[in-house]
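Reader: I've got the sequence and the fold up on my screen. Can you walk me through some of the labels people would put on it, and where they come from?

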Amino acid sequence: MRHPAVVSAREARWLALHAQGLGRSRPGRPSGLAALRRAIGAVGIVQLDAINVVQRTQFLVLFSRAGSYDPAMLHTMTGPGSELFEYWGRAASLLPVAHYPLYRWRMDEHRAPDHTRPPVARREAWRAANAAYIAAILAEVRDRGPLTAAQLTDPRRQVGEWWERRSVGRLALEWLFDRGELAAWRTPSFERVYDVPERVIPAAVLAAPVPTSDDAHRTLVGMAARSLGVATVRDLAAYHGLKVAAVRPRVAELVEAGELMTADVEGWSAPAYLPTSARPRPPGRPDATLLSPFDSLIWDRERTRRLFAFEYRIEVYVPAPDRRYGYYVLPLLVGDRLAGRLDLKADRRQATLRVHSAHVEVGFGAAEVAEAAAGELDRLRDWLDLERTSVARRGNLAGALGRVVHRTAAPSVPSSSTAPTRRGRPLR
């Protein structure tokens, strides 16, 4: 019997960072499609979210890995016949279209749901009450071609308390999308466009053999292991939204097949697993990296705590008086540690990247983290095509960060830490 590998806490971070495509330097020039494909290949799944305070998360995740690029390129990778498709991964996600057959079991589960779960029972009751309307919506999309919910002949707009706050037409479209009877992609304004799968998913992919749920789960677990670097069974299950009970036997099979090996990770109470080819090595990225709140490195809060000793909570959904760090807070990766967090907003009307608050973690020097953060803010601001940065006086890093930003600005720029600046050039 093979003995478990022994992995230190720091080596676990190294494995995770390299697996997530965060272990090497970003290009110094704007990236092309090849760099985006490498980034997507590393994470395997890119979560979607509508919040656009800085930039939508799907674009931020790729910026963190590929550096500056034209966001329009991501749109060219989606839509009919393209290399990415949207479906429910961990959440609403962009996925390589070659993986479409791996999610057919999930579509089948939506067609034969577990009626014992109250949310499912409510949805099924809604479906039964609207069966004729749903069938008419499917027929309309099939006959007319790609449609948004607003373009339906009879969208049946309404106001409600639950998911019915959207139009009945949108609910019908999403019901059909969940079941795989429709496919979808996003417009630049993030609206879903729906069409029948045969006009969206390449014919060769639709014709590919559909794996059993066990085979699909095994493949998805192997992919999760490669994207996580080192992981517990719970981590592996969570990455693609699988159930731990279904994943545990698949992990055992991958270990038996020699694709995964067991590991004892310093400070982890549960056994861990890593690809047999994985070798921990220090990350080679010299610059700090801001991470979207929905970045796959930090999806799982318990895992983030284990890896980085970093407590993180998305406070978008927390009432403003109860927020500790801010509305849209991006963790700051410095080396192999999460050293700070910045509450940011891209104020496009004023062409300003606003730092509403800046915090440094316990055990890190504010001066060093401020230098690293300022450089990353420059890169982010330039990518967003904003003209200046404004640092507010909130948080235990704000003073040091404001001083760095203003020190590197032109002499004519005021020294107040709340004044907008653009590093290295005067304001106009």
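Reader: Let's start with a single residue. Where is the place of R279?

Author: R279 sits in the loop between β8 (272-275) and β9 (289-290). Keep in mind that this is a predicted model.

Reader: What makes R279 count as exposed rather than buried?

Author: The relative accessible area of R279 is 54%. Exposed means over 50%, so R279 is called exposed. It still has contacts: leaving out residues up to four places away in sequence, R279 touches L15 and M261. The C-alpha atoms of R279 and G229 are 9.2 Å from each other, and these two are 50 residues apart along the chain.

Reader: On to helices. Why are α2 and α3 called roughly perpendicular?

Author: Helix α2 (residues 33-43) packs on helix α3 (residues 57-66) at an angle of about 105 degrees. Angles of 65 to 115 degrees count as roughly perpendicular, so that is the label for α2 and α3. Their axes are 9 Å apart.

Reader: Which residues in α2 and α3 meet?

Author: From α2 you have A35, L36, A39, I40 and V43, and they meet L62, R65 and A66 in α3. Sorted by class, this contact has 7 nonpolar residues, no polar ones and 1 charged.

Reader: What makes α6 roughly perpendicular to α8?

Author: Same kind of reasoning. Helix α6 (residues 118-129) and helix α8 (residues 168-178) pack at about 110 degrees, with axes 12 Å apart. The roughly perpendicular range is 65 to 115 degrees, so α6 and α8 get that label. Their crossing is left-handed.

Reader: And which residues of α6 meet α8?

Author: R123, E124, W126 and R127 do, and their partners in α8 are V168, L171, A172, W175 and D178. By class, that contact has 5 nonpolar, no polar and 4 charged residues.

Reader: Now strands. What makes β2 and β3 the edge strands?

Author: The sheet is an open one of 3 strands in the order β2-β4-β3, with antiparallel pairing. β2 (46-47) and β3 (84-88) each pair on one side only, and that makes them the edges. β3 pairs with strand β4 (residues 92-96) over 5 bridges, in the antiparallel sense. W88 stands opposite A92 in β4.

Reader: How do you know that both faces of strand β13 are covered?

Author: Look at the two sides of β13 (residues 388-391): R388 and S390 are on one, T389 and V391 on the other, and all are buried. Buried means under 20% relative accessible area, so each of these residues falls below that cut-off and both faces count as covered. In a regular strand, side chains alternate between the two faces of the sheet. As for pairing, β13 goes with strand β12 (residues 352-360) in the parallel sense, over 4 bridges. V355 has V391 as its bridge partner in β13.

Reader: What pairs with β7, and in which sense?

Author: Strand β1 (residues 5-7) pairs with β7 (residues 260-265) in the parallel sense over 3 bridges, and V6 has D264 in β7 as its bridge partner. β7 and β8 run antiparallel, joined by 4 bridges, with L260 standing opposite P275 in β8. Two strands pair if there are at least two bridges between them, so the 4 bridges of β7 and β8 pass that cut-off.

Reader: How many residues lie between β7 and β8 in the hairpin?

Author: There are 6 residues between them, and G267 in the turn has a positive phi of about 85 degrees.

Note on methods. Residues are numbered from 1 along each chain as its sequence is written. This is a predicted model: local features need pLDDT of at least 70, side-chain atom pairs count only at pLDDT 80 or more; totals for chains, interfaces and linings use all residues. Side-chain values use heavy atoms; hydrogens and water are left out. Axes are lines fitted to C-alpha atoms, for helices over the stretch in contact, and angles run from 0 to 180 degrees between N-to-C directions. Angles under 35 degrees count as roughly parallel, over 145 as roughly antiparallel, 65 to 115 as roughly perpendicular and the rest as oblique. Contact means heavy atoms within 4.5 Å. Ala, Val, Leu, Ile, Met, Phe, Trp, Tyr, Cys and Pro count as nonpolar, Asp, Glu, Lys and Arg as charged, and the others, Gly among them, as polar. A crossing is left-handed if the near helix is turned anticlockwise from the far one by less than a right angle, and right-handed if clockwise. Buried means under 20% relative accessible area, exposed over 50%, partly exposed in between (1.4 Å probe, protein chains only).
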